[in-house]
Amino acid sequence: MCQSCGMPFRNPEDYGTNRDGSRSTEYCFHCFSGGRFSDEGITLQEKIEKNVAFGVRMGMPEETARQMCETVLPTLKRWKKK
C-alpha cells in the first residue's frame, strides 16, 4: 500500500520511482516519481480532500470516500506524526 495515498500495489507499474530510477517500495507512481512527491508541500488535510475528490470521480459516495481517507491517511508513513 502506498504510504502517501493508500493505493494498493497490484502490479510493478503501480510503484513510484526513486531518484536513481529504481522502484520505490513505499510510494505509488501517482505520488512519487524520480525521488520526489508529485504534491510536495501538500498538507494531510489537503491530501484527504484531493483523495476524496478522486474517490468521488471513481464513483464512490463522498461520505464513504471521506471516512476512508480520514481513517487511513493519518496512519501512513508520510503523514504519521513523528
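These are my notebook entries on what I looked up in this structure, a predicted model.

**Entry 1: the overall layout**

I began with the secondary structure and found two helices and four strands. Walking along the sequence, I read the order as β-β-β-β-α-α, with the strands ahead of the helices.

Next I asked how the radius of gyration compares with that of a compact globule. For 82 residues the globule value would be near 12 Å, and the protein has 13 Å, so the two agree. I also noted the box that holds the C-alpha atoms: along the principal axes it is roughly 40 × 30 × 15 Å.

**Entry 2: surface, burial and charge**

How many of the residues are buried? I got 33% of the 82 residues. The accessible surface comes to about 5500 Å², and carbon and sulfur atoms account for 54% of that.

I then looked at contacts between residues at least 6 apart in sequence; 38% of them join residues at least 24 apart. For charge, I have 13 positive and 11 negative side chains down in my notes. The centres of those two sets lie 5 Å apart.

**Entry 3: the cysteines**

A bench question came next: how many disulfides does the whole structure hold? The search finds zero.

I wanted to know why C5 is not bonded to C28. The sulfur of C28 is the closest cysteine sulfur to that of C5, yet the distance is 3.7 Å, and a disulfide needs the two sulfurs within 2.5 Å, so this pair is too far apart for a bond. C31 is in no disulfide either; its nearest cysteine sulfur is that of C5, 3.7 Å away.

Are these cysteines buried or exposed? The cut-off for buried is under 20% relative accessible area, so C5 at 17% qualifies. C31 is buried as well, at 2%, and C28 is buried at 0%.

**Entry 4: around C28**

I stayed with C28 a little longer and placed it in strand β2, which covers residues 23–28. Which residues does C28 touch, once neighbours within four places in sequence are left aside? My list reads C2, C5, M7, F9, D14, Y15 and G16.

Y15 on that list caught my eye. Y15 and C28 are 13 residues apart along the chain, while their C-alpha atoms are separated by 4.3 Å.

**Entry 5: N18, in a loop**

Where does N18 sit? I found N18 in the loop between β1 (15–17) and β2 (23–28). N18 has a relative accessible area of 25%; buried stops at under 20% and exposed starts at over 50%, so N18 is partly exposed.

Not counting residues up to four places away in sequence, N18 touches R23, S24, F32, G34 and G35. I also checked N18 against K50, 32 residues away in sequence: the C-alpha to C-alpha distance is 23 Å.

**Entry 6: E49, in a helix**

My last stop was E49, which lies in helix α1, residues 44–57. E49 is partly exposed, with a relative accessible area of 34%. I paired E49 with R19, 30 residues apart along the chain, and their C-alpha atoms are separated by 28 Å.

**Entry 7: what I am taking away**

For my own reference, I am keeping two points on the cysteines. The structure has zero disulfides, and C28, at 0% relative accessibility, counts as buried while being in contact with C5.

Key. Residues numbered from 1 in each chain as written. Predicted model: local features only at pLDDT ≥ 70, side-chain atom pairs only at ≥ 80, totals over all residues. Heavy atoms only, no water. Rg over C-alpha atoms; globule rule 2.2 N^0.38 Å. Buried < 20%, exposed > 50% of the residue type's maximum accessible area, 1.4 Å probe, protein only. Contact = heavy atoms within 4.5 Å. Areas by Shrake-Rupley, 256 points an atom, 1.4 Å probe, with all protein chains shown as cover. Lys, Arg positive; Asp, Glu negative; His and termini not counted. Charge placed at Lys NZ, Arg CZ, Asp CG, Glu CD.
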